[in-house]
Amino acid sequence: MKIQGRMFIWLSVFILIMAIVYGVWSKEPAGTTALFLAFGLSVMIGFYLGFTARRVDAGAQDDKEADVADDAGELGFFSPHSWQPLMLGFGGAVAFLSIAIGWWLIYFAAPFIVVGIFGWVFEYYHGENRTQ
């Protein structure tokens, strides 16, 4: 994680220089503000990665002699059969459709969104997959 932190810090230095150059040359406040905000975000990510790298063990990416296989392993648990994203997708589509048609349509989308969120969160608290 050390290398990622350094990369973001160097990226933030580059963005800061470009923000100053862009601000001086263009005198355009929106783009200059966006570049300064990008600088701030890059500093936050770089600081977080550097801060975390000091507290965890060195990963394979920090070892110059490491192979690609050294970083392999379990990435996490992903539900193979969940229907909740479909419910959330339908609710989200109807909710965004309500912007074009009318705000009253959001009342029909809200139950799908709420049921989809609760179903997704509590999916492994009941039924045959309760122990996973």
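In these legends, a helix is a DSSP run of at least four residues labelled H or I, and a strand is a run of at least two labelled E, with numbering from the N terminus. The model in the figures is predicted.

**Figure 1. The whole protein, before we zoom in.** Let's start with the parts list: the protein has 4 helices and 0 strands. Read from the N terminus on, the elements go α-α-α-α. The C-alpha atoms fill a box of roughly 50 × 45 × 25 Å along the principal axes. How does the radius of gyration of the protein sit beside that of a compact globule of 132 residues? The protein has 23 Å, whereas such a globule would have a value near 14 Å. Buried residues make up 20% of the 132 residues. Take the contacts between residues at least 6 apart in sequence: 60% of these join residues at least 24 apart.

**Figure 2. The outside of the protein and its charges.** About 10400 Å² of the protein is exposed, and carbon and sulfur atoms supply 72% of that area. As for charge, there are 7 positive and 11 negative side chains. The centres of these two sets lie 14 Å apart.

**Figure 3. Helix H1, from one end to the other.** Helix H1 covers residues 2–26. How far should its 25 residues span at 1.5 Å a residue? The expected span is 36 Å, and the end C-alpha atoms of H1 are 36 Å apart, so the two agree. Now look for the residues tucked away from the surface: in H1, the buried ones are Gly-5, Ser-12, Ile-15 and Ala-19. Part of their cover comes from helix H2, residues 29–53. A handy rule to keep in mind here: an α-helix has 3.6 residues a turn, so residues three or four places apart point the same way.

**Figure 4. Ser-12, a buried spot in H1.** Ser-12 sits in helix H1. Is Ser-12 buried or exposed? With a relative accessible area of 2%, Ser-12 is buried, because buried means under 20%. Leave out residues up to four places away in sequence, and Ser-12 touches Phe-39, Ser-42 and Val-43.

**Figure 5. Phe-8, meeting residues from further along the chain.** Phe-8 is also a residue of helix H1. Its relative accessibility is 29%, so Phe-8 counts as partly exposed. Which residues does Phe-8 contact, once its neighbours within four places in sequence are set aside? They are Ser-42, Ile-45, Gly-46 and Leu-49. Look at Ser-42 in particular: Phe-8 and Ser-42 are 34 residues apart along the chain, yet 5.8 Å separates their C-alpha atoms.

**Figure 6. Lys-27, just after H1.** Follow H1 to its end and you reach Lys-27. This residue belongs to the loop between H1 and H2. What is the sign of its phi? The phi of Lys-27 is positive, about 55°, although Lys-27 is not a glycine. Lys-27 counts as exposed, because its relative accessibility is 67% and the exposed class begins over 50%.

**Figure 7. Helix H2, the partner that shares cover with H1.** H2 has 25 residues. From its first C-alpha to its last, H2 reaches 36 Å, close to the 36 Å expected at 1.5 Å a residue. Which residues of H2 are buried? The list is Gly-31, Thr-32, Ser-42, Gly-46, Leu-49, Thr-52 and Ala-53. H1 is included in what covers these residues, and H2 in turn is included in what covers the buried residues of H1.

**Figure 8. Ala-53, a buried residue of H2.** Ala-53 lies in helix H2. At 9% relative accessibility, Ala-53 counts as buried. Now pick out Leu-35, which is 18 residues away from Ala-53 along the chain. The C-alpha atoms of Ala-53 and Leu-35 are separated by 27 Å.

**Figure 9. Glu-74, out in a loop.** Where does Glu-74 lie? You'll find Glu-74 in the loop between H2 and helix H3, which covers residues 84–101. Glu-74 has a relative accessible area of 76%, so this residue is exposed. To get a feel for where Glu-74 sits, trace from it to Gln-4: these two are 70 residues apart in sequence and 21 Å apart in space, C-alpha to C-alpha.

Note on methods:
Residues are numbered from 1 along each chain as its sequence is written. This is a predicted model: local features need pLDDT of at least 70, side-chain atom pairs count only at pLDDT 80 or more; totals for chains, interfaces and linings use all residues. Side-chain values use heavy atoms; hydrogens and water are left out. The radius of gyration is taken over C-alpha atoms; the globule rule is 2.2 Å times the number of residues to the power 0.38. Buried means under 20% relative accessible area, exposed over 50%, partly exposed in between (1.4 Å probe, protein chains only). Contact means heavy atoms within 4.5 Å. Accessible areas come from the Shrake-Rupley method with a 1.4 Å probe; for residues, only the protein chains shown count as cover. Lys and Arg count as positive and Asp and Glu as negative; His and the chain ends are not counted. The place of a charge is taken as NZ of Lys, CZ of Arg, CG of Asp or CD of Glu. The expected span of a helix is 1.5 Å times one less than its number of residues.
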